[in-house]
Amino acid sequence: MAIGTRNYAREYLGGGGLPQGVKGLIIANSVVFLLMWLVGPIERVFMQWFALVPSDVVTRFYVWELVTYLFLHGGFMHILMNWLYLWFFGKDLEDIW
């Protein structure tokens, strides 16, 4: 029996592509990473305002940091691994949620 005829393999081999949520996260992460990489001096501003500092969230009410820190990356290998994890686990997690 060929792998393409097995019920559990059809959805992965069917060429359905990435789900919308995973695709959106990969695009958003890519845009922010390219913006930080292309405009070097702005990286410090991004890290200062958008990186997660728990004490700032509690004392200064920087609640946006709870969301924006997800899009900041420390280097190319960091974002490459995040893309890989999204590709590996994103479809299954999105189906569960």
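Me: If neighbours up to four places away in sequence are not counted, which residues does asparagine 29 touch?

Reply: In this predicted model, asparagine 29 touches Leu70, Phe71, His73, Ile79, Trp83 and Leu86, once residues up to four places away in sequence are set aside. Asparagine 29 itself is found in helix α2, and two of the residues it touches, Leu86 and Trp83, have numbers that fall within the span of α6 (76–96).

Me: How should I read its accessibility: is asparagine 29 buried or exposed?

Reply: The reading rests on a cut-off, since buried means under 20% relative accessible area. Asparagine 29 has a relative accessibility of 6%, and it therefore counts as buried. Serine 30, whose place is also in helix α2, counts as buried because its relative accessibility is 18%. Leaving aside neighbours within four places in sequence, serine 30 is in contact with Ile79 and Trp83, and both of these names also appear among the residues that asparagine 29 touches. As for the chain as a whole, 22% of its 97 residues count as buried.

Me: Asparagine 29 also appears in a pocket lining, so which residues line the second largest pocket, and how much space lies in it?

Reply: The space in the second largest pocket comes to about 180 Å³, and the residues lining it are Leu25, Asn29, Tyr69, Leu70, Phe71, His73, Asn82, Tyr85 and Leu86. Sorted by class, this lining has six nonpolar and three polar residues, with no charged ones.

Me: Which helices supply the lining of the second largest pocket?

Reply: Both α2 (20–38) and α6 (76–96) supply at least two residues each, and α6, with three residues, gives the most.

Me: What does the overall order of elements look like from the N terminus on?

Reply: The secondary structure of the chain comes to six helices and zero strands, so that the elements, taken from the N terminus on, run α-α-α-α-α-α.

Me: How do I read the packing of two helices, and at what angle do α2 and α3 pack?

Reply: An angle between N-to-C directions is sorted by range, and values over 145 degrees count as roughly antiparallel, while 65 to 115 degrees counts as roughly perpendicular. For α2 and helix α3 (residues 42–50), the angle is about 130 degrees and the axes are 7 Å apart, and these two helices are therefore oblique to each other. On the side of α2 the contact is made by Val32, Leu35 and Met36, and on the side of α3 by Ile42, Glu43, Phe46 and Met47. By class, the residues of this contact of α2 with α3 divide into six nonpolar, no polar and one charged.

Me: How can I tell what share of the contacts joins distant parts of the sequence, and which pairs show this?

Reply: Among contacts in the chain with a separation of 6 or more, 51% are accounted for by residues 24 or more positions apart. Sequence separation can also be set beside the distance between C-alpha atoms, which is a separate quantity from contact. Leucine 93 and valine 22, for example, are 71 residues apart in sequence and 9.6 Å apart in space, C-alpha to C-alpha. Lysine 23 and lysine 91 are 68 residues apart in sequence, with 9.9 Å between them, C-alpha to C-alpha. The C-alpha atoms of serine 30 and leucine 72 are separated by 9.9 Å, although these residues are 42 apart along the chain.

Me: Where does leucine 18 lie, and which residues is it in contact with?

Reply: Leucine 18 has its place in the loop between α1 (7–13) and α2, and it counts as partly exposed because its relative accessibility is 30%. Neighbours within four places in sequence aside, it is in contact with Lys23, Ile26 and Trp87. One of these partners, lysine 23, lies in helix α2 and is partly exposed, with a relative accessible area of 36%. The C-alpha atoms of leucine 18 and leucine 86 are separated by 9.6 Å, with their positions 68 residues apart along the chain.

Me: Which residue has a positive phi although it is not a glycine, and where is it found?

Reply: That residue is phenylalanine 61, with a phi of about 60 degrees, and it is found in the loop between α4 (54–59) and α5 (65–68). Exposed means over 50% relative accessible area, and phenylalanine 61, at 60% relative accessibility, therefore counts as exposed.

Methods: Residues are numbered from 1 along each chain as its sequence is written. This is a predicted model: local features need pLDDT of at least 70, side-chain atom pairs count only at pLDDT 80 or more; totals for chains, interfaces and linings use all residues. Side-chain values use heavy atoms; hydrogens and water are left out. On a 1 Å grid over the protein atoms alone, a cavity is a set of points where a 1.4 Å probe fits but cannot get out, and a pocket is an open set with protein on both sides within 12 Å along at least five of seven lines; lining residues have an atom within 4 Å of a point. Grid points are joined across faces, edges and corners, and a volume is the space filled by probe spheres set on the points. Helices (H or I, at least four residues) and strands (E, at least two) are DSSP runs, numbered from the N terminus. Ala, Val, Leu, Ile, Met, Phe, Trp, Tyr, Cys and Pro count as nonpolar, Asp, Glu, Lys and Arg as charged, and the others, Gly among them, as polar. Axes are lines fitted to C-alpha atoms, for helices over the stretch in contact, and angles run from 0 to 180 degrees between N-to-C directions. Angles under 35 degrees count as roughly parallel, over 145 as roughly antiparallel, 65 to 115 as roughly perpendicular and the rest as oblique. Contact means heavy atoms within 4.5 Å. Buried means under 20% relative accessible area, exposed over 50%, partly exposed in between (1.4 Å probe, protein chains only).
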